[in-house]
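This report sets out selected features of the structure shown below. It begins with one chain as a whole and then turns to particular residues and elements.

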Amino acid sequence: MKVLVPVKRVVDYNVKVRVKADNSGVELANVKMSMNPFDEIAVEEAVRLKEAGTATEVVVVSIGPKQAQETIRTGLAMGGDRGILVEYDAETEPLAVAKLLKAIAAEENPDLVVLGKQAIDDDCSQTGQMLAQLLGWSQGTFASKVTPGDGTVDVTREIDGGLETIQLKMPAVVTADLRLNEPRYASLPNIMKAKKKEIAMKTPADYGVDMTPRLSTERVEEPPERQAGVMVESVSDLVAALKEKGAL
Amino acid sequence: MAVLVIAENTNDELKDATLSAVTAAQAFGGDVHVLVAGSGCAPVADQAAKIAGVAKVLLADDPAYDHGLAEALSALVISLADGYDQLVTPAGTMGKNFMPRVAAALDVAQVSEAVEIVDANTFKRPIYAGNAIATVKSSDAKKVVTIRPTSFDKAPGEGGSAAVEPVAKVDAPALSSFISQELNESDRPDLSSADVIISGGRALGSAENFEIIERLADKLGAAVGASRAAVDAGFVPNDYQVGQTGKIVAPKLYIAVGISGAIQHLAGMKDSKIIVAINKDEEAPIFQVADYGLVADLFEAVPELEKQIG
């Protein structure tokens, strides 16, 4: 079984993002970038499938600037076999990314595509579902457990109110939720080994995909600030204050 | 032309988030139609027909739609899309699951989790876990939008008298099948639509200790939430989690107990009308967003609060 893992290079999740003074976007200059945390979980799941003998090859794909090679290398150091980078410098939209991934899937013929449930920059949560639709495949989103069977895969999904388990016919798209696994740290020898692994360099034109955005960002602003209120001395004071506000 | 709202529902209940989606849909100006899909879900369609401002309800009642599987549901919505300029659904786990498939099939960009509809082409939506709000303009002819329910008022659930029109099942290849569901049974209100929420954090220390939160919640008729730390520690189930990677809530009253206020938790609750924080650590960041802060041992303050509310 072959597994394709699309990964996105995003602002590191520990960075407190700042809106640019001209409201054109958020400050990305000199900001630490990392692999989208949900994609890291997806890589980990694919590598575990390989270690369990279920998967035979794990291909890590990214669409982004030249530096996204580092993001792919991270995936290769975790245990991915080879990489593909579709070089594109501007911001990407899920629809165009899904079209590129569809074209790559047509070449690579994976049995499973595993990716994060959303990227922590644009928070869209669309790419996996769009890819599944474009390929005519089944999907298991927000996965907290993935159990491959014979030509099928059982996916336990985190839904409002609890959990749901569904069975997908393969090939299928699975999107990883937070609790699917805990990604490993790559060891130094594996980081060294990853440097020798192959990354194929491509462009959107190679796949004939039009990247023109459909949404233009008119303005980006800080969310309304919340002011700190008052400190109360005791539970009685708190109850009195809430009653006065009509909250109790 | 009209706007199609895809209802969030079980087979016997219309979710409140649908009411918010109806309000959002009205911003486009056309007639609002509501699609109810499920199996044996006719009573839900009747409920939807009563929503004020709804002109027509489409009922797709078929075993194929029993568990809202994305492949079947998206095929149904795609088949109806021709008659609509805008397709709107709440950004719950159901909408997030099927809606992008609809957008891809129609070759349009989806606007995810809109918090404001500025005009028919322009939307505000949170990015970077709500640390920034982007205003985006869509150049697509058809709009596919998921909305954040807490950002829109609920349309009145009574007052409408729309006609219910059945729609036939759309054939779609059976790519996935339902196996099982484990829902957390509780008589408490749903976290995403509750007026009052009491959330507990790591400071509770154990699942047993969480009972003091639950007792207070039951006294107030509140929903129970938790920080990611409390969920990760196994005190409560996953779907209690309030925050960037959990539920986004905006109740009238949010009481955070023993929660320090990590940025990812704040992202999930800072739109609440009144925030109360009870924490032993006076330096806890939660106090910076709280309307009322109480520095106290939660094991004394919470039972006392329960008593005084009495």
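Of the 248 residues in chain A, 55% are buried in this predicted model. Six helices and 13 strands make up the secondary structure of chain A. Its C-alpha atoms fill a box of roughly 65 × 45 × 40 Å along the principal axes. When contacts in chain A between residues at least 6 apart in sequence are considered, 71% join residues at least 24 apart. The exposed area of chain A is about 11,000 Å², of which carbon and sulfur atoms supply 48%. Chain A carries 30 positive and 38 negative side chains, and the centres of these two sets lie 3 Å apart.

**Annotated domains**

In unreviewed entries, UniProt lists "domain: Electron transfer flavoprotein alpha/beta-subunit N-terminal" for residues 23-211 of chain A and for residues 3-182 of chain B. The computed composition of each range is given in the table.

| Range | Helix | Strand | Distance between end C-alpha atoms |
|---|---|---|---|
| Residues 23-211 of chain A | 30% | 31% | 24 Å |
| Residues 3-182 of chain B | 24% | 36% | 34 Å |

**Backbone features of chain A**

Two residues of chain A other than glycine are described here for a positive phi. In Asn23(A), phi is near 60 degrees. This residue lies in the loop between strand E2 (9-11) and strand E3 (33-35) of chain A. Asn23(A) counts as buried because its relative accessibility is 18%, under the 20% limit. In Phe142(A), phi is near 55 degrees. Phe142(A) belongs to strand E7 (residues 138-148) of chain A, and its relative accessibility of 3% places it among the buried residues.

A further backbone feature is the cis peptide bond between Met170(A) and Pro171(A), where omega is about 0 degrees. Pro171(A) is situated in the loop between strand E9 (162-169) and strand E10 (172-176) of chain A.

**An aromatic pair in chain B**

How many aromatic pairs does a search of the whole structure find? Over all chains, the search yields one. The ring centres of Phe28(B) and Phe123(B) are 6.1 Å apart and the ring planes stand at 55 degrees, so the pair is classed as tilted. The two residues are 95 residues apart, and the pair thereby links distant parts of the chain: Phe28(B) is in the loop between helix H1 (17-26) and strand E2 (32-38) of chain B, while Phe123(B) is in strand E7 (residues 122-127) of chain B. Phe28(B) is buried at a relative accessible area of 12%, and Phe123(B) is buried at 0%.

**Helix H1 of chain B**

Helix H1(B) is mostly covered, with eight of its 10 residues buried. Among them are Ala17(B), Leu19(B), Val22(B) and Ala25(B). The elements of chain B that cover the buried residues of H1(B) include strand E1 (2-6), E2, strand E3 (54-61), strand E4 (84-90), strand E6 (116-119) and strand E9 (143-147).

**The surroundings of Ser227(B)**

Ser227(B) occupies the loop between strand E13 (223-226) and helix H6 (228-232) of chain B. Is Ser227(B) buried or exposed? With a relative accessibility of 8%, Ser227(B) counts as buried. Leaving aside residues up to four places away in sequence, Ser227(B) touches Gly200(B), Gly201(B), Arg202(B), Gln241(B), Ile259(B) and His265(B).

Technical notes:
Residues numbered from 1 in each chain as written. Chains lettered and ligands numbered in written order. Predicted model: local features only at pLDDT ≥ 70, side-chain atom pairs only at ≥ 80, totals over all residues. Heavy atoms only, no water. Helix = DSSP H or I, 4+ residues; strand = E, 2+ residues; numbered from the N terminus. Buried < 20%, exposed > 50% of the residue type's maximum accessible area, 1.4 Å probe, protein only. Contact = heavy atoms within 4.5 Å. Areas by Shrake-Rupley, 256 points an atom, 1.4 Å probe, with all protein chains shown as cover. Lys, Arg positive; Asp, Glu negative; His and termini not counted. Charge placed at Lys NZ, Arg CZ, Asp CG, Glu CD. UniProt positions renumbered as here; feature names shortened; annotations may be inferred. Phe/Tyr/Trp six-rings, centres within 6.5 Å; stacked < 30°, edge-to-face > 60°.
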